Amino acid sequence: MATQRLLGLLGGLALYLIMVALMIAATKKFLNQQAAISAGLLMAALGLSFFLPLARRLRHALQGAEGEEIVARFLESLPPPWETAHDVFLGGFNIDHLVFGPSGVFVIETKNPLGALTIQDGRLFLDGKILWKNPAKQAKRNAVNVAKELEKVLGKRIFVQAVVCFTLTRLEKPQILEGVLIVNALHLKEVFHGVSAEVLNPKDIARIKAWLVGKR
């Protein structure tokens, strides 16, 4: 998802630069030098007001894309029979990473802020400041939606574990928040190692893989 936001922002930036170039060309053609300079200064001021928030959004998008890439590389290294899919769009919602195997199905939402993450009184804090947008709620909602979709595919109801991976954020140990597993990149392997309960059989895994191919 972060990659899509980044591409959208870059596309908007390119469009804006084209518009500015066309305006400058038109100004030089129809106005005198002094008027062109004044128009240029006005466009520069407008551009600054546009670029400052855009620069922040680009920085966040780049961080998010980097976090998704780190998690994707790790998940791709999981041994068979684990299967992974990335940036999966299912109707009205997008999933950063979907992991499934004999031990079950995991929906992973990736965040990549820098700082120290703590959980107090059911809320997330980054460097002591509360995160007003709680990604655990989004991950949980996505997991519920995936479970509904998979029930149609498999003909049975299975539990889908929601995970939020704060990729490079400092976190002492994995924690649970509202049923959602909160980890960072260092703890991500603990999500899949040591899980032994068999939830999906080989036919179930094959059906999920075929279903995902049909979604691409």
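Two strands pair if DSSP finds at least two bridges between them. The exercises below apply this to a predicted model.

**Exercise 1. Lay out the fold.**
Task: state how many helices and strands the chain has, and in which pattern they follow.

Solution.
Step 1. Count the elements: there are five helices and nine strands.
Step 2. Read along the sequence: the pattern is α-α-β-β-β-β-β-β-α-β-β-β-α-α.
Step 3. Check the contacts with a separation of 6 or more: residues 24 or more positions apart account for 60% of them.

**Exercise 2. Order the open sheet.**
Task: give the strand order of the open sheet of six strands, then find which strands stand at the edges.

Solution.
Step 1. The order is β1-β2-β3-β7-β9-β8, and the pairing is mixed.
Step 2. β1 and β8 each have a single partner strand, so one side of each lacks a neighbour in the sheet; these two are the edges.
Step 3. Add the twist: neighbouring strands are turned by 30 degrees against each other on average, direction ignored.
Step 4. Take one pair in detail. β1 and β2 (residues 93-101) run antiparallel and are joined by seven bridges. In this pair, F89 stands opposite N94 in β2.

**Exercise 3. Place two helices on the strands.**
Task: determine which strands α3 lies across and which strands α5 lies across.

Solution.
Step 1. Helix α3 (residues 135-154) lies across β1, β2, β3, β7, β8 and β9. Its angle to β7 is about 145 degrees.
Step 2. Helix α5 (residues 202-215) lies across β1, β2 and β3. Its angle to β2 is about 155 degrees.

**Exercise 4. Find the unusual backbone geometry.**
Task: locate the cis peptide bond and the positive phi values of D127 and E178.

Solution.
Step 1. Set the baseline: most residues other than glycine have a negative phi, and most peptide bonds are trans.
Step 2. The cis bond joins P80 and P81, with omega about 10 degrees. P81 sits in the loop between α2 (33-76) and β1 (83-90).
Step 3. D127 has a positive phi, near 55 degrees. Its place is the loop between β5 (123-126) and β6 (129-130).
Step 4. E178 also has a positive phi, near 55 degrees. This residue lies in the loop between β8 (175-177) and β9 (180-183).
Step 5. Classify E178 by exposure. Partly exposed falls between the 20% and 50% limits. E178 has a relative accessible area of 37%, so it is partly exposed.

**Exercise 5. Describe the surface.**
Task: state what share of the 216 residues is buried and what carbon and sulfur atoms supply of the exposed area.

Solution.
Step 1. Buried residues make up 41% of the chain.
Step 2. The chain exposes about 12500 Å². Carbon and sulfur atoms supply 62% of that area.

How values were computed. Residues are numbered from 1 along each chain as its sequence is written. This is a predicted model: local features need pLDDT of at least 70, side-chain atom pairs count only at pLDDT 80 or more; totals for chains, interfaces and linings use all residues. Side-chain values use heavy atoms; hydrogens and water are left out. Helices (H or I, at least four residues) and strands (E, at least two) are DSSP runs, numbered from the N terminus. Buried means under 20% relative accessible area, exposed over 50%, partly exposed in between (1.4 Å probe, protein chains only). Contact means heavy atoms within 4.5 Å. Accessible areas come from the Shrake-Rupley method with a 1.4 Å probe; for residues, only the protein chains shown count as cover. Axes are lines fitted to C-alpha atoms, for helices over the stretch in contact, and angles run from 0 to 180 degrees between N-to-C directions.
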